[in-house]
Every structure is written in C-alpha cells, then in structure tokens.
Amino acid sequence: MSMRNCLLFVLLLNVVVFANDCNIRLLPAFTDSPEKQTLANVRDSLLSALQAQDSNEVFRFVNVLKNSGYDERALDNYELIQIYFWMNQYDSTLVTLVREHYHFINKSYEGVWDCSADAPFSAFEDELLDSLRVRANLQRQLKLIFEGSAKQEYRDFANLLIVILKDLGYNNTRMQYYGLDNDIKRNSIQQSRFRGYGRGNGSSDKNDTLSFDSLKEKLIAFQNKYPESEFNLWINLWITQQLEQIEASRDYEYERKYYYKEFYYTGGIGGEFFHAIGSGYQINGVVQIQRFILGFGYWKHDNLCNGYVVYMGLEAYESRYIKTFPFVMTVVNKFEHNPLGGGLQFEFRPWISELGREVPIGSYLTINVRYELLYGSEYINRQDEETKKKLRNLFHLGVGFHIW
C-alpha cells in the first residue's frame, strides 16, 4: 500500500496471518460436555488416520465432525483445507480455499464485517490443530498444486496465485488457526486471515498499481481460456474490488504528486532575495491569499534612498513552472516624500516538491526577474542630504523559496 503505507491486495491465500502472541483461546458453550469429549476423540482419531494416510478413515471422521450438531465448531473449513492438502486432494484444497475467500471478500465488499455466524471457527486447541498449523504454508502448497496431478485448469489457477504472491512480495505466507471466545474476536481473526483483501487497503505505490495491471491481464486471460471455471466468480469479484482500491490509490498518487494544480491562485508564504542590476539589493517576505499578494522587506539602492519596501500585487498567471503578477509599491524611509511606483515580476520554478506525506505542505524554488518603475528621491549631495525627484527604471534578478 507504506502504497505505503496501501495500492492493495495481499493475495488470495493469506488465509490467516495472526500474531502468535495473541494468546486467544476459545471457551465454547459446550466446554467439558460429553458431546465435546466425543468430538475431541473423533479429532484424535482423524489425526491418527491422517498420519497413516488412510483416506477412507480420514473422510469418514471428517463427515462425522461436519455432520455433528456443532458443524464447523467441530471442524472448520480452514482445517478442512489442510486435510485435503495432507491427503493430496489438491483440487478440493484449491476449490475450498477459493470458496472461503470468495465468501469473505463478498461480505467485506458489501460492508458486512460480521462474518462470525457464517464462518465459525473450530472450538478445539488440540494436536490435530497443531499438526495442521505446521503444514500450513500457502506458497509451498500452491507450488505443489501447480506441479501436481490436478487438472490443468486448477494448475493454471494455482500458478496465477503464485505469481500474485511473488509480485506482492509475500514469499513466506503461512496459514494459522486460533480459537475465539466471542464475536468481536471472531471478526478480528476473520479479517486477519484475509489481511490485505478487505476494502480500504489501497497503496500509493506506483509499482503496486502496475503489478495490478499485469495481474489483471493474466486473470482475464485465464477466464477466456476457462469460461466455465468456478474460479471466475472469484476473479470477477476480486478484480472489481481491487480495481476500486487501485483507482483510489492512483487518484491519491496523482493528487499528491500534482497537488499544485489544485493550489494555483490559493496562496502561500515565501522569501525572496533580489540583486538590483547596477547596485543594490532587496530582501522580501511574501504572503499570498488567493490571487492577492502582499510583500514587505528591506530595500537598498546606492542611487536611491534606502528603506523598507511594501508592495501589493495581483497574480495574473500561474502554472507549474511560471508565475507572473503586476504590483504597486512604495519605499518607506526617513525622507518626507517616499518613492512610489509599480512593476511586474516574473517567476520560473526549476524545482517543485510533491505534497508532504506527513503534512499537506508543498514547496518550490524560484528564479525571479523583477522590473520596477519608481518616482522618488535621489541624492544630489549626500553630505547635505540634498535630493531631487526622478523617474527611475530598475531591474532585479533574484531567487526565492515558497511553501503552500
């Protein structure tokens, strides 16, 4: 995403990533009941059958657990995915996984986060669960599905998921299981199992958005090759959801990088230093509100009286690189008649920042050309401070730094 932190999307099969130190344990409604003990015995027998690779016994025990009165509280679908994989039933592994993830992103896309009633979790923390946790390495499983004997459609889809994981940098993805003792924790786990797939995880990273374009092309090619595939529902929903996030991410990236287009004629503050062609200098501070510009600073010229300059201008044109404005000005000094006049300032921006990541402030450097037409006092005799009035044309070259 930071993104970069944001795009998107942590591939489909980050089915569960949740911190090992959460120490969440279930206290189910049927704690210490005869029913729970019976189911616990069945789970122990299921583990023994898995270790013995006895397919008939494995799925007999699976059916007992799934058909019990506790449904997925006795054996949840995340455990079932690992059982399928353990028994080398790769087709069932992939189908069950995609169905579970489709259910989740469909709920999250609709804004329905309370998935506890639809996707309950196993009520057991036992040796079966521990054994399934150890085996639950998603990328390794996808690779074995791709290289295994599953039908070509499933192998191609598993390969797509490998590509997505690789492009997003998720090379050590693991699936883990944790019990829950209330709905809030269930929802938390449900979201963490599919971390990165819910809404609102867009990223401003250009590479992420480019990766999405490439992955989208591959997924559409898969749909064209297998128009009747069950996985196409997931592809359509996933593309729709991620495209929404990516477009939001791209909008954010554009606005952050080209923020100044929205800030033209809105204002800012800055400082400028000018060297007068001939002899002298001018140091100004500048405040701009909308198109109105107010400047003030110190003004020194060898042939004119020194003092404090004040000018007011109205911005006539602004783009990324160029800004120009006319102004009127005066120089406040110790003489009774202060020089008055006006002029035109032209700015060129050789550098402009992107918008600040922590605070919404941008900045830019300027190279300035300034013309001033003044009517005011000029020394005739410095010792006697004798002056005369004269119309003068002045040219300045300068630099500036501004923020907005």
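## Confidence of the model

pLDDT is the predictor's confidence in each residue, on a scale from 0 to 100. In this predicted model, that confidence stays under 50 over residues 111-119, a stretch for which the model nevertheless has 19 contacts beyond four places in sequence. A second such stretch covers residues 168-206, where pLDDT again stays under 50 and the model has 166 contacts beyond four places in sequence. Where pLDDT is low, the predicted coordinates should not be read in detail.

Over the protein as a whole, the average pLDDT is 76, and 71% of the residues score at least 70. Among the elements of the protein, the lowest mean pLDDT, 42, belongs to helix α8 (residues 183-193), whereas strand β7 (residues 340-352) has the highest, 95.

## Overall make-up

The protein contains 11 helices and 9 strands, and buried residues account for 50% of its 404 residues. Its exposed area is about 19,600 Å², of which carbon and sulfur atoms supply 53%.

## Nonpolar cores

The largest nonpolar core has 29 residues, and within it Leu94, Phe157, Phe231 and Trp234 touch the most other members. Two or more residues are given to this core by each of the elements α3 (77-86), α4 (90-109), α6 (138-147), α7 (152-168), α9 (206-225) and α10 (231-257). Of these contributors, α7 provides the largest share, with 7 residues.

Leaving aside residues up to four places away in sequence, Phe231 touches Leu94, Val95, Val98, Glu153, Tyr154, Phe157 and Phe222. Apart from this largest core lies another, of 23 residues, which includes Val42, Ala74, Met87 and Leu132.

## Helix α1 and its packing

Helix α1 (residues 34-52) has 19 residues, which at 1.5 Å a residue should span 27 Å; because its end C-alpha atoms are 27 Å apart, the model agrees with that expectation. Just after α1, Gln53 takes a positive phi of about 55 degrees.

The buried residues of α1 are Leu39, Ala40, Val42, Arg43, Leu46, Leu47, Ala49 and Leu50, and these pack against α2 (55-66), α3 and α5 (127-135). One of them, Val42, is also among the residues of the 23-residue core, while α3, one of the packing partners of α1, is also among the elements that give two or more residues to the largest core.

How values were computed. Residues are numbered from 1 along each chain as its sequence is written. This is a predicted model: local features need pLDDT of at least 70, side-chain atom pairs count only at pLDDT 80 or more; totals for chains, interfaces and linings use all residues. Side-chain values use heavy atoms; hydrogens and water are left out. A nonpolar core is a set of buried Ala, Val, Leu, Ile, Met, Phe, Trp, Tyr and Cys residues joined through side-chain atoms within 4.5 Å. Buried means under 20% relative accessible area, exposed over 50%, partly exposed in between (1.4 Å probe, protein chains only). Helices (H or I, at least four residues) and strands (E, at least two) are DSSP runs, numbered from the N terminus. Contact means heavy atoms within 4.5 Å. The expected span of a helix is 1.5 Å times one less than its number of residues. Accessible areas come from the Shrake-Rupley method with a 1.4 Å probe; for residues, only the protein chains shown count as cover.
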